[in-house]
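Hi there,

Here is the model I promised to pass on to you. Have a look at it first, and then read on for what turned up when I went through it.

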Amino acid sequence: MRVVLLGAPGSGKGTQGERITKKYGIPQLSTGDILRKAIREGTELGAKAKGFINKGELVPDLVIVGLMAARLAEADCRNGYILDGFPRTIGQAKGLDEILNKMKFRLDAAICINVSEESVVLRLGGRRQCSKCSTIYHVEFQPPKKTGICDKCGSELYQRDDDKEETIRNRLKIYRSETAPLMDYYKDILHDVDGARDPAEVFKDVSSLIEKFC
């Protein structure tokens, strides 16, 4: 199966992608994770991407499409994958189409997880990440046992620049203008899910859609 997960930043795409991977045994491909790793490692790509991400802006399509083309050619993607955070623009979607056409594949479904913008601000604004092992917490929904300290490794937690409210608002503005048009682009394979519920309830709907259309 080849599925695109759509939705605003903080809508729960990452959580649902992890659950899909665990249940169906296909990789979750997140450009955000790949780019953050590049930033941590200080690669050339990471340096270029850092400025865009920290301002809540999108990394240029050409960089992202090239990155994903290489990733989709790897062996673990032969039986399918979940695309989480890609494509984010019409240009990236067209680039993905070209990649799939060359590989003689097609997308099976696009699943959009819908949440309100204020919910996004609450979810992302409360996130904290471990400075060492990258474990994610939330000050309200999933707090660590000791404030500001990672349960797993004891390192300090921090708020990423892209999780600060001003940046979140900017990310949502960009989402409305750049990413929301994908709903129309994928209208023939698009399915909506209410993302305002418990993740387990959301996953029931996501699983039903995957098993029906993939």
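Please keep in mind that this is a predicted model. A good place to start is the pairing of β4 with strand β8 (residues 190–194), which is parallel and spans five bridges. Within that pairing, A110 has L190 of β8 as its bridge partner, and C112 sits opposite D192, also in β8.

**The five-stranded sheet**

Those two strands belong to an open sheet of five strands, ordered β2-β3-β1-β4-β8 and paired in parallel. Its edges are β2 (28–30) and β8, each of which pairs on one side only. Ignoring direction, neighbouring strands in this sheet are turned against each other by 25° on average.

Here is how the remaining pairs line up, going across from the β2 edge:

- β2 and β3 run parallel and are joined by three bridges, with Q28 opposite I82 of β3.
- β1 and β3 also run parallel, joined by four bridges, and here L5 faces D84 of β3.
- Strand β1 (residues 2–6) pairs with β4 in the parallel sense, over four bridges, and V3 is found opposite A109 of β4.

How covered is strand β4? Of the six residues in β4 (residues 109–114), five are buried, so the strand is mostly covered. In β3, Y81 and L83 point one way while I82 and D84 point the other, and all of them are buried. That puts an aspartate, D84, on the list of buried residues in β3, in case you want to look at its surroundings.

**Helices around that sheet**

Helix α2 (residues 31–41) lies across β2 and β3 (81–84), and runs at about 55° to β2. Helix α9 packs on the sheet too, where it touches β4 and β8; the direction of α9 makes about 160° with that of β8.

Helix α9 also has a helix partner. Two packed helices are described by the angle between their axes and the distance between the axes. For helix α1 (residues 13–24) and helix α9 (residues 199–213), the axes come within 10 Å and cross at roughly 55°. Because of that angle, α1 counts as oblique to α9, and the crossing is right-handed. If you would like to select the contact in your viewer, the α1 side consists of T15, Q16, R19, I20, K23 and Y24, and these meet P199, A200, V202, F203, V206, S207, I210 and E211 on the α9 side.

**The three-stranded sheet**

There is also an open sheet of three strands, in the order β6-β5-β7, and here the pairing is antiparallel. The edge strands are β6 (136–138) and β7 (157–158), each pairing on one side only. Strand β5 (residues 127–130) is joined to β6 by three bridges, the two running antiparallel, and Q129 has I136 of β6 as its bridge partner. Helix α6 (residues 117–125) packs on this sheet and touches β5 and β6, with its direction at about 30° to that of β5.

**Cysteines**

How many disulfides does a search of the whole structure find? The search comes back with zero. C150 is in no disulfide, and its nearest cysteine sulfur, that of C133, is 3.7 Å away. A disulfide is counted when the two sulfur atoms are within 2.5 Å, so the distance from C150 to C133 does not qualify. C150 has a relative accessibility of 4% and therefore counts as buried.

C214 is in no disulfide either: the nearest cysteine sulfur belongs to C77 and is 15 Å away. With 37% relative accessibility, C214 counts as partly exposed.

**One more residue**

Finally, a short note on T179, which is located in helix α7 (residues 165–179). Is T179 buried or exposed? Its relative accessible area is 8%, so T179 is buried. Leaving aside residues up to four places away in sequence, T179 touches R88 and I174.

Happy to talk any of this through once you have the model open.

Best wishes

Notes: Residues are numbered from 1 along each chain as its sequence is written. This is a predicted model: local features need pLDDT of at least 70, side-chain atom pairs count only at pLDDT 80 or more; totals for chains, interfaces and linings use all residues. Side-chain values use heavy atoms; hydrogens and water are left out. Buried means under 20% relative accessible area, exposed over 50%, partly exposed in between (1.4 Å probe, protein chains only). Two strands pair if DSSP finds at least two bridges between them. Axes are lines fitted to C-alpha atoms, for helices over the stretch in contact, and angles run from 0 to 180 degrees between N-to-C directions. Angles under 35 degrees count as roughly parallel, over 145 as roughly antiparallel, 65 to 115 as roughly perpendicular and the rest as oblique. A crossing is left-handed if the near helix is turned anticlockwise from the far one by less than a right angle, and right-handed if clockwise. Contact means heavy atoms within 4.5 Å.
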